[in-house]
Amino acid sequence: MQSIETAKKAALKPAAPKPTKPKKAETAKKPVKKQAEPRMAWVDTVRDYLREVVYELKKVVWPSRKETVGSTAVVLVIVGISAVFLGIVDFVLSRLVRLLVG
């Protein structure tokens with residue numbers, strides 16, 4: 001019985017505070033110096049970019065005039081069909097709204 005009571009008393013006692021580590025004094029950080037860059041470094045960057053663009057454009061397979069005209073015709077026909085369809089739907093819905101509203 002005594003061991004149970006002593007265990008309860010020990011559980012009720014607050015735990016001893018843990019010793020804290022001494023904090024290090026903050027040292028002043030030195031500003032990081034950037035490497036000396038020439039003022040016109042952006043010119044080299046732009047030149048490299050344009051050189052890469054020209055290189056990539058040389059790899060492009062451009063369509064022939066016949067293929068371009070054919071693709072343009074297909075697009076124009078699809079746009080025309082879509083315009084007619086949407087015009088008919090708009091006409092029907094506007095008539096329906098007029099009948100409902102009065």
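Let's start with one residue, D44: its relative accessibility is 40%, so D44 counts as partly exposed. Keep in mind that what you're looking at is a predicted model. What does the side chain of D44 meet in a salt bridge? The partner is R47, and the N to O distance between the two is 3.3 Å. R47 is in a similar spot to look at: with 44% relative accessibility, R47 counts as partly exposed.

Why are R47 and D44 separated by about one helical turn? They sit 3 residues apart in helix 2, which covers residues 41–59, and that spacing is the reason. As for the pairing itself, side chains of opposite charge can pair when their charged atoms come close.

Now stay on helix 2 and look for another pair. R51 forms a salt bridge with D48, and the closest N and O atoms are 3.3 Å apart. R51 and D48 both lie in helix 2, 3 residues apart, or about one turn of the helix. Are these two exposed or partly exposed? R51 counts as exposed because its relative accessibility is 52%, while D48, at 38%, counts as partly exposed. The cut-off that matters here is that exposed means over 50%.

One more pair is waiting in helix 2. K59 and E56 form a salt bridge, with 3.4 Å between the closest N and O atoms. Here too the residues are 3 apart in helix 2, so about one helical turn separates K59 from E56. K59 has a relative accessibility of 52% and therefore counts as exposed; E56 has a relative accessible area of 43%, so E56 is partly exposed. How many salt bridges does the structure hold? There are 3.

Time to zoom out. The protein has 3 helices and 0 strands, and from the N terminus on its elements run α-α-α. What share of the 102 residues counts as buried? The figure is 0%. The protein exposes about 11,200 Å², with carbon and sulfur atoms supplying 67% of that area.

Next, follow helix 3, which runs through residues 65–101. Is its length what you'd expect? A quick check helps: at 1.5 Å a residue, its 37 residues should span 54 Å, and the end C-alpha atoms are 53 Å apart, so the two values agree. If you're tempted to multiply 37 by 1.5, note that the expected span uses one less than the number of residues. Right after helix 3 comes G102, whose phi is positive, near 120°.

The surface has something to show as well. F85, L86, V89, L93, L96, V97, L100 and V101 form a nonpolar patch there, and together they have about 820 Å² of accessible area. Take V101, one of the patch residues. V101 lies in helix 3, and its relative accessible area is 71%, so V101 is exposed.

Finally, how far does the predictor trust its own picture? The mean pLDDT of the protein is 82, and 64% of the residues reach 70 or more. Which helix has the lowest confidence, and which the highest? Helix 1 (residues 2–12) is lowest, at a mean of 61, and helix 3 is highest, at 97. So as you turn the model around, bear in mind that pLDDT is the predictor's confidence in each residue.

Terms used:
Residues are numbered from 1 along each chain as its sequence is written. This is a predicted model: local features need pLDDT of at least 70, side-chain atom pairs count only at pLDDT 80 or more; totals for chains, interfaces and linings use all residues. Side-chain values use heavy atoms; hydrogens and water are left out. Helices (H or I, at least four residues) and strands (E, at least two) are DSSP runs, numbered from the N terminus. Patches are made of residues with over 30% relative accessible area and no salt bridge: like charges are joined within 9 Å, nonpolar side chains (Val, Leu, Ile, Met, Phe, Trp, Tyr) within 5 Å. Accessible areas come from the Shrake-Rupley method with a 1.4 Å probe; for residues, only the protein chains shown count as cover. A salt bridge is a side-chain nitrogen of Lys or Arg within 4 Å of a carboxyl oxygen of Asp or Glu. Buried means under 20% relative accessible area, exposed over 50%, partly exposed in between (1.4 Å probe, protein chains only). pLDDT is the predictor's confidence in each residue, from 0 to 100.
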